[in-house]
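This report looks at ring pairs, a strand crossover and one loop side chain. Keep the structure open while reading.

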Amino acid sequence: MNTTKPKLRSILLVDDDHSNNFISKIFIGQLNMQLKVNIALNGLEALTYLRDSFEGPCLIILDIFMPVMDGWEFLEDYDKTIPKEIKDQVVIVMITMSSDQNNVVLARKNPYVAQYLQKPLSDLKFKKLIKKYF
């Protein structure tokens with residue numbers, strides 16, 4: 001069994017909050033890892049990226065509450081439409097400002113969600129995520 005962790009090539013920020021995306025890009029830049037950072041403002045844009053422009057292995061930071069297609073709807077379509085070869089290279093971390101415990105329970109039950117975090121993210125949280133999965 002191969003226990004070598006994959007080398008992270010890109011991060012996809014899926015969040016409609018421009019400020020959060022801007023700050024996250026700064027934190028990721030401070031890691032000095034030469035990662036490509038892509039932004040999708042909703043789940044539909046994220047699915048399009050995965051189908052058309054995927055650069056894996058990839059860490060997806062997925063917000064729950066977004067217009068057009070929220071995080072839960074993204075996960076439903078991700079399950080149905082994204083090929084296994086791509087899914088095998090993706091780690092999804094769900095994020096939210098909400099303190100609703102139902103979201104925590106739903107995220108833990110979802111087979112595609114590796115972890116659930118509260119916003120805001122920090123450079124330390126990004127470092128821990130990358131060290132844990134990549």
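## Asparagine 42

A polar contact is a pair of N or O atoms within 3.5 Å; within protein, one must be able to donate a hydrogen and the other to accept it. The model is predicted. In it, the side chain of asparagine 42 reaches the backbone nitrogen of glutamate 45 at 2.9 Å. That value lies within the 3.5 Å cut-off.

Where does asparagine 42 sit? Its place is the loop between β2 and α2 (43-52). Asparagine 42 has a relative accessible area of 7%, so it counts as buried. Neighbours within four places in sequence aside, asparagine 42 is in contact with Val14, Met66, Pro67, Val68 and Met69.

## Strands β1 and β2

Strand β1 covers residues 10-14 and strand β2 covers residues 36-40. The two run parallel, joined by five bridges. Leucine 13 stands opposite isoleucine 39 in β2. From β1 the chain crosses through helix α1 (residues 18-29) to β2. This β-α-β crossover is right-handed.

## Aromatic cluster

How many aromatic pairs are there? The count is two. In one pair, the ring centres of phenylalanine 74 and tyrosine 78 are 5.5 Å apart, with the planes at 35°. The pair is therefore tilted: planes under 30 degrees apart would count as stacked, and over 60 as edge-to-face. Phenylalanine 74 and tyrosine 78 both belong to helix α3 (residues 71-81). They are four residues apart, so about one helical turn separates them.

Are these two side chains buried or exposed? Phenylalanine 74 has 0% relative accessibility and counts as buried. Tyrosine 78, at 1%, is buried too.

The rings of tyrosine 78 and tyrosine 112 form a pair as well. Their centres are 5.1 Å apart and their planes at 80°, so this pair is edge-to-face. It links distant parts of the chain. Tyrosine 78 is in helix α3, while tyrosine 112 is in the loop between α5 (101-109) and β5 (113-118), 34 residues apart. Tyrosine 112 is partly exposed, with a relative accessible area of 23%. Phe74, Tyr78 and Tyr112 form one aromatic cluster.

## A charge over the ring

Which ring lies under the charged end of lysine 87? The ring is that of tyrosine 78. The charged end sits 5.7 Å from the ring centre. Tyrosine 78 thus takes part in a tilted pair with phenylalanine 74, an edge-to-face pair with tyrosine 112 and the charge placement of lysine 87.

Notes:
Residues numbered from 1 in each chain as written. Predicted model: local features only at pLDDT ≥ 70, side-chain atom pairs only at ≥ 80, totals over all residues. Heavy atoms only, no water. Phe/Tyr/Trp six-rings, centres within 6.5 Å; stacked < 30°, edge-to-face > 60°. Buried < 20%, exposed > 50% of the residue type's maximum accessible area, 1.4 Å probe, protein only. Lys NZ or Arg CZ within 6 Å of the ring centre and 35° of its normal. Pairing = 2+ DSSP bridges. Right-handed = clockwise from strand over helix to strand, strands pointing away. Contact = heavy atoms within 4.5 Å.
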